[in-house]
Amino acid sequence: RLKWGVFATTVLLLIVASAVLAPVLAPHDPLAVNIRARLVPPVWMEGGSTEHPLGTDPVGRDLLSRIVWGGRVSLEVGVCAVLISATIGVLAGLCAGYFTGVADAVISTVVNVMLTFPFVLLALAVIAVLGPSLPNMIVVLGVTDWPLYTRVIRAETLVIREHEFITAGRALGMSHLRLMFGQILPNLVSVIVVIATLQVARVIILESFLSFLGLGVQPPTPAWGNML
């Protein structure tokens with residue numbers, strides 16, 4: 001019934017499939033330089049060639065092949081960074097919302113500090129120390145995004161911990177870990193999935209931004225950011 005949702009899902013699956021099947025779909029080696037074919041226009045423009053449907057870059061590399069292979073980098077960065085940030089954020093949010101008191105105060109203070117610190121400055125500082133590379137960029141994006149999960153999970157946990165089934169679990173002698181991960185966490189899965197889905201798209205944009213500044217994926221590795 002959700003026709004636009006089905007259309008969007010289809011487009012997303014096509015992008016994922018093209019990245020996964022890059023070795024099969026890419027018509028050329030994305031790193032192969034051919035000076036004689038430099039700056040070939042797209043096939044629909046005058047001077048275009050069917051051999052390079054989207055044209056070539058200033059050193060003759062096929063742009064279609066680089067876009068397909070670059071999608072692999074963006075998806076890898078998006079998924080891995082979200083896994084890191086979701087793990088940190090969910091654990092911190094559970095602890096803050098379940099234990100409250102000192103734990104809540106400390107975690108909330110750290111979250112507030114992280115949210116007020118500009119992302120660009122943090123990325124510049126960390127990458128300047130560690131050096132620009134794909135793993136370092138994934139770590140930076142993962143570490144800087146966890147406060148969003150923490151704030152939402154903390155608020156939801158504060159509500160769930162007052163429900164009758166949690167009180168019953170305490171009366172039955174359940175441990176804190178069992179209550180947190182066996183009773184509260186399953187009720188937060190839908191919230192976590194929604195946040196993670198939105199954050200994957202945001203992280204992909206940030207990856208392009210950092211690569212554009214020369215702080216992310218380094219040439220000649222194809223990535224959407226450094227191609228821009």
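This section describes the nonpolar cores, a nonpolar surface patch and selected residues of a predicted model.

The interior was examined first through its nonpolar cores. The largest nonpolar core contains 22 residues, and the members that touch the most other members are V77, F119, M137, L141, Y149, V203 and L210. Four helices give two or more residues to this core, namely α3 (63-99), α5, α6 (134-144) and α10. Among these helices, α10 makes the greatest contribution, with six residues. A second core, separate from the largest one, consists of 11 residues, including Y98, I153, L179 and L188.

The surroundings of F119 illustrate the packing around one core member. When residues up to four places away in sequence are not counted, F119 touches V140, L141 and T144, together with L206, F209 and L210. Two of these partners, L141 and L210, are themselves listed with F119 among the core residues that touch the most other members.

A buried residue of another kind is found in helix α3, where S74 is placed. The relative accessibility of S74 is 0%, and this residue is therefore classed as buried, a term that applies under 20%. With neighbours within four places in sequence left aside, S74 is in contact with I204, E207 and W224.

Nonpolar side chains also occur on the surface. A nonpolar patch is formed there by F117, V120, L121, L124, F209, F212, L213 and L228, which together have about 780 Å² of accessible area. Both α5 (119-130) and α10 (189-212) supply at least two residues of this patch. The largest share comes from α5, which provides three residues. Helices α5 and α10 thus appear in two settings, since each gives two or more residues to the largest core and each supplies at least two residues of the surface patch. One of the patch residues, L121, lies in helix α5. Because its relative accessibility is 49%, L121 counts as partly exposed, the class that lies between 20% and 50%.

The cysteines were considered with respect to covalent links. A disulfide is a covalent bond between the sulfur atoms of two cysteines. The structure holds zero disulfides. Two cysteines may be described by their accessibility: C80 counts as partly exposed because its relative accessibility is 30%, and C95 is likewise partly exposed, with a relative accessible area of 28%.

Conventions:
Residues numbered from 1 in each chain as written. Predicted model: local features only at pLDDT ≥ 70, side-chain atom pairs only at ≥ 80, totals over all residues. Heavy atoms only, no water. Patch = residues over 30% accessible without salt bridge, like charges linked within 9 Å, V, L, I, M, F, W, Y side chains within 5 Å. Areas by Shrake-Rupley, 256 points an atom, 1.4 Å probe, with all protein chains shown as cover. Salt bridge = Lys/Arg side-chain N within 4 Å of Asp/Glu carboxyl O. Buried < 20%, exposed > 50% of the residue type's maximum accessible area, 1.4 Å probe, protein only. Core = buried A, V, L, I, M, F, W, Y, C linked by side-chain atoms within 4.5 Å. Contact = heavy atoms within 4.5 Å. Disulfide = S-S within 2.5 Å.
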